[in-house]
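Work through the following exercises with the structure beside you. Try each task before you read its solution.

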Amino acid sequence: MAEYTLKSRTIDLDDTWEVIVVGGGPAGCTAAAAAAREGAKTLLIEATGALGGMGTNGLVPAWCPFSDEQQIIYRGLAERVFTACKRGMPHIDEDALDWVAIDPELLKRIYDDLVLGAGASLLFNTALCAVESDDAGKVSAVVVANKSGLRAYRAKVYVDCTGDADLAVWAGAQYEQGDKGGDLQPATHCFVLTNVDEYAYRTGPRLHANHPNSPIWNILRSGKYPQIPDRHSCNSLIGPGTVGFNAGHIWNVDNTDPASVSRALVEGRKIAAAYRDGLAEFYPKAFGNAFLAATGGLMGIRETRRIVGDYTLTAEDYLARRGFADEICRNCYYIDIHYAFADRQRSPEQLEQLKKSTIRYEKGESHGVPYRCLTPKGVRNVVVAGRSVSCDRTVQGSVRVMPVCLAMGEAAGMAGAHAAKAADVDVHGVDTDRLRQRLKEEGAYLPDVD
């Protein structure tokens with residue numbers, strides 16, 4: 001590719017912040033709230049017009065489980081968000097803990113209130129476009145773009161919640177991406193159907209393709225809707241006559257490649273329309289008059305970069321249900337790696353066997369996530385939270401989901417505030433005993449580790 005040299009120029013700098021969080025998904029929201037709660041002057045920068053990431057703009061229709069089937073694992077701010085969302089949805093049982101539906105518009109307001117109520121400031125429609133750092137691994141400023149043009153922001157500590165580790169990597173952090181060959185889990189473009197016959201939906205055959213009577217099998221066998229790529233069809237009733245879908249896979253999507261994502265968004269909208277038409281034909285009692293109301297403003301990305309941190313969480317750690325002296329949250333979600341493009345050719349029976357081979361915990365089991373997974377090697381003043389923390393690819397299939405990200409974000413924001421208040425700003429030197437104690441005081445689930 002040809003190169004273009006930018007003209008040297010001066011842009012405005014806002015250097016009044018102690019903690020800047022980039023990315024307003026679940027991890028970013030709890031990070032900003034936690035940092036501000038600790039007394040740090042905090043700014044949250046978000047590229048879209050709403051907080052919440054995949055649970056709001058991305059239209060993911062349900063929370064992954066919040067419990068280990070005995071108790072809530074993701075507590076503190078995570079539980080606060082989850083409880084507030086349930087409370088605003090009359091059709092949800094107040095005791096429900098696992099696979100609970102999400103009202104995306106309600107959740108946007110919950111995140112607004114969480115972040116602003118904690119005292120953080122918020123900047124929407126603002127994209128990170130460059131990171132300035134020195135030779136000692138210290139970020140000196142981030143450059144963003146919005147309707148005001150380019151502007152630089154400086155803080156003592158930065159929390160990278162971009163989902164792709166953009167800030168950390170652009171600051172020089174090492175990373176891994178996908179499997180050894182670079183292949184990534186498929187993406188999904190979520191969507192919402194309205195005007196659904198709710199009684200028929202509730203009492204008819206379950207749509208999830210794990211059920212042999214699911215209408216999705218007849219749709220696929222018919223060959224009439226080639227836009228529908230496979231059997232993946234998670235769905236939840238998110239409101240009156242309104243069903244949200246996390247359905248269909250799109251392969252070869254790299255969220256760090258804008259052209260790749262652009263292609264996938266076009267394909268995803270076609271998949272959503274085909275689902276509406278296919279369900280209207282093969283499940284008319286429930287979906288005969290359904291209306292495709294929305295597709296996600298974000299592509300549902302499951303993995304891209306993973307930083308190389310002070311510790312890399314491994315499959316062995318997961319299998320051992322390992323605890324850590326510096327763990328900042330627990331996780332009990334199963335290893336959920338969506339199948340590769342080549343696996344599309346497997347029979348339904350083979351795919352079922354593949355799914356059964358996934359690693360799942362027994363009731364009451366969980367593992368710890370150490371703080372060292374959040375601190376990128378070689379970068380002094382950046383903490384990372386969300387799906388791009390330091391872990392192997394197998395474990396990333398578990399820690400990537402929203403409840404875990406909420407819990408990691410709270411710890412990252414709190415740690416960022418603690419580092420910013422120190423005489424020598426270094427996120428690697430945070431007192432994790434103090435961090436854990438403060439997290440416990442705010443309600444986190446952190447059992448004692450032998």
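**Exercise 1: The largest cavity**

Among the elements around the largest cavity, S15 and helix H12 (402-421) each contribute at least two residues to the lining. The model is a predicted one.

Task: find which element gives the most to the lining of the largest cavity, and describe that lining by class.

Solution. Begin with the volume of the largest cavity, which is about 70 Å³. Next, list the residues that line the largest cavity: Ile73, Tyr74, Arg75, Ile328, Cys329, Arg330, Ala407, Glu410, Leu439, Ala444 and Tyr445. Strand S15 covers residues 327-331, and S15 gives the most to this lining, with three residues. Finally, sort the lining by class, which yields eight nonpolar, no polar and three charged residues.

**Exercise 2: The second largest cavity**

Task: state how many cavities of 30 Å³ or more are counted, and describe the lining of the second largest cavity.

Solution. The count comes to two cavities of 30 Å³ or more, and the second largest cavity has a volume of about 40 Å³. Its lining is made up of Gly55, Leu59, Val60, Pro61, Ile102, Pro104, Val192 and Ile238. When this lining is sorted by class, seven residues are nonpolar, one is polar and none is charged. Because Gly is placed among the polar residues, the polar member of this lining is Gly55.

**Exercise 3: Pairs of aromatic rings**

Task: decide how the rings of Tyr311 and Phe324 are arranged, and say where in the chain the two residues lie.

Solution. There are 14 aromatic pairs in the model. For Tyr311 and Phe324, the ring centres are 5.4 Å apart and the planes stand at 65 degrees; an angle over 60 degrees counts as edge-to-face, so this pair is edge-to-face. Tyr311 belongs to the loop between strand S14 (305-307) and helix H9 (315-319), whereas Phe324 belongs to the loop between H9 and strand S15, so the pair links distant parts of the chain, 13 residues apart. As for accessibility, Phe324 is buried, with a relative accessible area of 6%, while Tyr311 is partly exposed, with a relative accessible area of 22%. Compare this with Tyr333 and Tyr334, whose aromatic pair is tilted, with 4.6 Å from centre to centre and 45 degrees between the planes; both of these residues are buried.

**Exercise 4: A cluster, and charges over rings**

Task: name the residues of the aromatic cluster, and find which residues lie over the faces of Trp17 and Tyr175.

Solution. One aromatic cluster is formed by Phe191, Tyr201, Phe245, Tyr275, Tyr283 and Phe287. Over the face of Trp17 lies Lys41, at 4.8 Å from the ring centre, and over the face of Tyr175 lies Arg305, at 5.4 Å from the ring centre.

**Exercise 5: The surroundings of His208**

Task: locate His208, and say whether His208 is buried, partly exposed or exposed.

Solution. His208 is found in the loop between helix H5 (198-203) and helix H6 (215-222). The relative accessibility of His208 is 22%, and because the class of buried residues ends at 20%, His208 counts as partly exposed. Leaving aside residues up to four places away in sequence, His208 touches Ser214, Ser233, Cys234 and Asn235.

**Exercise 6: The buried residues of H2**

Task: identify the buried residues of helix H2 (residues 77-87) and what they pack against.

Solution. The buried residues in H2 are Leu77, Ala78, Val81, Phe82, Ala84, Cys85 and Lys86. They pack against helix H1 (26-37), helix H3 (104-117) and H12.

Definitions and conventions:
Residues numbered from 1 in each chain as written. Predicted model: local features only at pLDDT ≥ 70, side-chain atom pairs only at ≥ 80, totals over all residues. Heavy atoms only, no water. Phe/Tyr/Trp six-rings, centres within 6.5 Å; stacked < 30°, edge-to-face > 60°. Helix = DSSP H or I, 4+ residues; strand = E, 2+ residues; numbered from the N terminus. Buried < 20%, exposed > 50% of the residue type's maximum accessible area, 1.4 Å probe, protein only. Lys NZ or Arg CZ within 6 Å of the ring centre and 35° of its normal. Contact = heavy atoms within 4.5 Å. 1 Å grid on protein atoms, 1.4 Å probe; cavity = no way out; pocket = protein on both sides within 12 Å on 5 of 7 lines; lining within 4 Å. Points joined across faces, edges and corners; volume = space filled by probe spheres on them.
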